[in-house]
Amino acid sequence: MTDHERAWEKFIAFMEQAEIIEKFTVKTYTGLPFVYIKPLKETPRTDIEELLKRAAASAMKGKRLTLAMSYVRKSQALYVYRVRFLVPQRKMFCCGNLCDDCIRFTDPF
């Protein structure tokens, strides 16, 4: 199992146990994961977004992943977000910024 798959499992488990959420589902359309959240009554969108960020931070801890999250819409009582965990790509050239993972410091063989 990859770090990416483990992160999704942790993220889903965290969200399903959240007290402010009544229903939580993940659906994939055209290869992109969308999160559908039905919060408890009168839960503001800011609280939901904070919860999503905390869940993602918990899921990504110790892994080289980054979060790409965007609000899509509110459909009746459901909030819809696009949530992605991005895997870093290996650098192919030196940009001259003295990066820690510079291609110059890797073994070519």
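**Entry 1: Gln76**

I started at Gln76, which is exposed, because its relative accessible area is 72% and the cut-off for exposed is over 50%. I noted that this is a predicted model. I placed Gln76 in the loop between β3 (66-75) and β4. Then I looked up its backbone angle. Phi of Gln76 is near 50°, a positive value in a residue other than glycine.

Next I turned to the strands on either side. β3 and β4 form a hairpin with 2 residues between the strands, and Gln76 has its positive phi there. The two strands pair in the antiparallel sense, with 9 bridges. I picked out one pair: Ser75 has Leu78 in β4 as its bridge partner.

**Entry 2: Thr30**

I went on to Thr30. Is Thr30 exposed or buried? I found a relative accessibility of 79%, so Thr30 counts as exposed. Thr30 sits in the loop between β1 and β2. Its phi is positive, about 50°, although Thr30 is not a glycine.

This loop also belongs to a hairpin. β1 and β2 have 2 residues between them, and Thr30 takes its positive phi in that hairpin. Strand β1 covers residues 21-29, and it pairs with β2 in the antiparallel sense over 8 bridges. I checked one position and found Tyr29 opposite Leu32 in β2.

**Entry 3: Strand β2**

I stayed with β2, residues 32-39. How many of its 8 residues are buried? I read 6, so I wrote down that β2 is mostly covered, with under 20% relative accessible area as the cut-off for buried.

β2 also pairs with β4, residues 78-86. The two run antiparallel and are joined by 4 bridges. I looked up two positions across this pairing. Phe34 stands opposite Arg82 in β4. Val35 stands opposite Tyr81 in β4. I added a reminder for reading such neighbours: in a regular strand the side chains alternate between the two faces of the sheet.

**Entry 4: The whole sheet**

I then put the strands together. In what order do the 4 strands stand? I read β1-β2-β4-β3, in an open sheet with antiparallel pairing. β1 and β3 are at the edges, and each has a single partner strand, so one side of each has no neighbour in the sheet. From one strand to the next, the twist averages 25°.

**Entry 5: Helix α1**

I moved to the helices. α1 has 14 residues. From its first C-alpha to its last it reaches 20 Å, close to the 20 Å expected at 1.5 Å a residue. Which residues of α1 are buried? I listed Ala7, Trp8, Phe11 and Met15. Seen down the axis of α1, the buried residues fall within an arc of 100°, so they line one face of the helix.

I asked what these residues pack against. I found β1, β2, α2 (45-60) and β4. α1 itself lies across β1, β2 and β4, and it runs at about 150° to β1.

I also looked at Glu5, which lies in α1, residues 3-16. Glu5 counts as partly exposed, because its relative accessibility is 42%. I took one distance from here. Glu5 and Glu22 are 17 residues apart along the chain, and their C-alpha atoms are separated by 24 Å.

**Entry 6: Helix α2 and the core**

I finished with α2. It lies across β1, β2, β3 and β4, at about 25° to β4.

Then I looked up the largest nonpolar core, which has 21 residues. Which residues touch the most other members? I noted Phe11, Met15, Ile37, Leu52 and Phe85. The elements that give two or more residues to this core are α1, β1, β2, α2 and β4. α2 gives the most, with 7 residues.

I chose Leu52 for a closer look. Leaving out residues up to four places away in sequence, Leu52 touches Phe11, Met15, Val35, Ile37, Met69 and Tyr81. Some of these names were already in my notes. Phe11 and Met15 are buried residues of α1. Val35 and Tyr81 stand opposite each other, with Tyr81 in β4.

Notes
Residues are numbered from 1 along each chain as its sequence is written. This is a predicted model: local features need pLDDT of at least 70, side-chain atom pairs count only at pLDDT 80 or more; totals for chains, interfaces and linings use all residues. Side-chain values use heavy atoms; hydrogens and water are left out. Buried means under 20% relative accessible area, exposed over 50%, partly exposed in between (1.4 Å probe, protein chains only). Two strands pair if DSSP finds at least two bridges between them. The expected span of a helix is 1.5 Å times one less than its number of residues. The arc is that of the directions from the helix axis to the C-beta atoms. Contact means heavy atoms within 4.5 Å. Axes are lines fitted to C-alpha atoms, for helices over the stretch in contact, and angles run from 0 to 180 degrees between N-to-C directions. A nonpolar core is a set of buried Ala, Val, Leu, Ile, Met, Phe, Trp, Tyr and Cys residues joined through side-chain atoms within 4.5 Å.
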